[in-house]
Amino acid sequence: MIQGAEIIEGCVIMEKSNGKVSQLSVKQGEPTLVCPAEETEKGLYFLSNLDQNIAVIVRTIYCFKSDEKGNENAGEVIKDALRKVLFHYYPLAGRLTISSESKLIVDCTGEGAVYVEAEANCKMEEIGDITKPDPETLGKLVYDIPGAKNILEMPPLVAQSPMNNFQYVKIYFFSCPRFATNYPPFSDRAILKARSPPKIEYLHPEFAEIEDTSSTGDLYKGEMLYRSFCFGPEKLEKLKKNAMEDGALEKCTTFEALSAFVWRARTKALNMLSDQQTKLLFAVDGRPKFNPPLPKGYFGNGIVLTNSICQAGELLDKPFSHVVGLIQDAIKMVTDGYMRSAIDYFEVTRARPSLSSTLLITTWSRLSFHITDFGWGEPVLSGPVALPEKEVILFLSHGKERKSINVLLGLPASSMKVFQQQMQI
């Protein structure tokens, strides 16, 4: 039990889909701790250098509605499920701390996840469109640890369950655990320890600090706008066709074409100088690329960041196929040797990837948020509360058959109009 907690009420002006404006009021009850169902291992739990690279909090919302099952017992159902999950994924019941090597590590105390029940004065359909980040409105629907200034003051797992016409759960992950239901969790992250002695065999420009000669940082001091852009199957196919029409490429994936399109559009929208260096960062799943591959059920971070750097003028003036080719080259670069070199690079330098003059694309289009079932079927709506950094663009699968992709981003108001124009295909 967290001592001294009080009922908190928050209000925010909310515009409904019919244009009417109302106040969203949320009352949060007293936080409690949900512990694992059985005794778990105690002590310090190693986090690999891939877990350390970009440690950020991403708050998400899930909305559920079932004609067959009410929410009278929602709180107990969710807490019981958490207890069972925390037994198998016991590090999530611990707390983050700093090791003697000045790196993040988990102290497996077993004290549990923070759980809060809340009441909101609205129906699910009144929340509006949650496919785009809306920190002011959606932020009322998740629980933030009072006074927490950094990730060390936040438990790895936090859940909030409203007691009105919908339920949602927010989870803080210190890495990217996969709840592998078909396999028992493989918890030993030491298999991705740095080599001794470390061997840095690549340059790793993903960590490089790029000078902002275009002063784009000044644009972000003004008003920010958040938008989502939906790319249906026809638009995605057209992008791939455009990438291959000059014959320079033999093949092209949806991710490669969409990433190139968005990188180019954002660069133009920010009005970068022609000789401004710009960097694209994105994650590649390293699980099958490690030699040997990571074990099934491994729930640590198995991704590695790769990169492409070029001048803004090159990005905007050269053919679209050239930009796609840059991304393909970045993907090919990721091998077992490259990933282990990146692990060793962090071991030696403790550097984290710089986001200066950078676009970081995070793709959730293959993650199963849309089939997350806590007992009320698949979510009617799901999405992030906010983007973790201003440099981040998020790809989310969309539509019944998940064949569309929503592109979520925030830009300075002065740049968003240009970006919207660039989205026309």
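**Exercise 1. Find which residues of the largest nonpolar core touch the most other members, and see where the core comes from.**

Step 1. Of its 52 residues, F231, L258, V262, W263, F395, L411 and F419 touch the most other members. A nonpolar core here is a set of buried Ala, Val, Leu, Ile, Met, Phe, Trp, Tyr and Cys residues joined through side-chain atoms within 4.5 Å, with buried meaning under 20% relative accessible area (1.4 Å probe, protein chains only).

Step 2. Helix 6 (residues 254-269) gives the largest share of this core, eight residues. Helices are DSSP runs of H or I, at least four residues, and strands are runs of E, at least two, numbered from the N terminus.

Step 3. Another core lies apart from it, with 24 residues, including Y45, L86, L96 and L157.

A quick word on the model: it's predicted, so local features need pLDDT of at least 70 and side-chain atom pairs count only at pLDDT 80 or more, while totals for chains, interfaces and linings use all residues. Residues are numbered from 1 along each chain as its sequence is written, and side-chain values use heavy atoms, leaving out hydrogens and water.

**Exercise 2. Work out the strand order of the three-stranded open sheet.**

Step 1. Strand 4 and strand 7 pair antiparallel over three bridges; pairing takes at least two DSSP bridges. Y45 has V106 as its bridge partner in strand 7.

Step 2. Strand 6 (residues 95-98) pairs antiparallel with strand 7 (residues 104-108) over four bridges, and R95 has D107 as its partner.

Step 3. The order is therefore 4-7-6, with strand 4 (43-45) and strand 6 at the edges.

Methods: Buried < 20%, exposed > 50% of the residue type's maximum accessible area, 1.4 Å probe, protein only.
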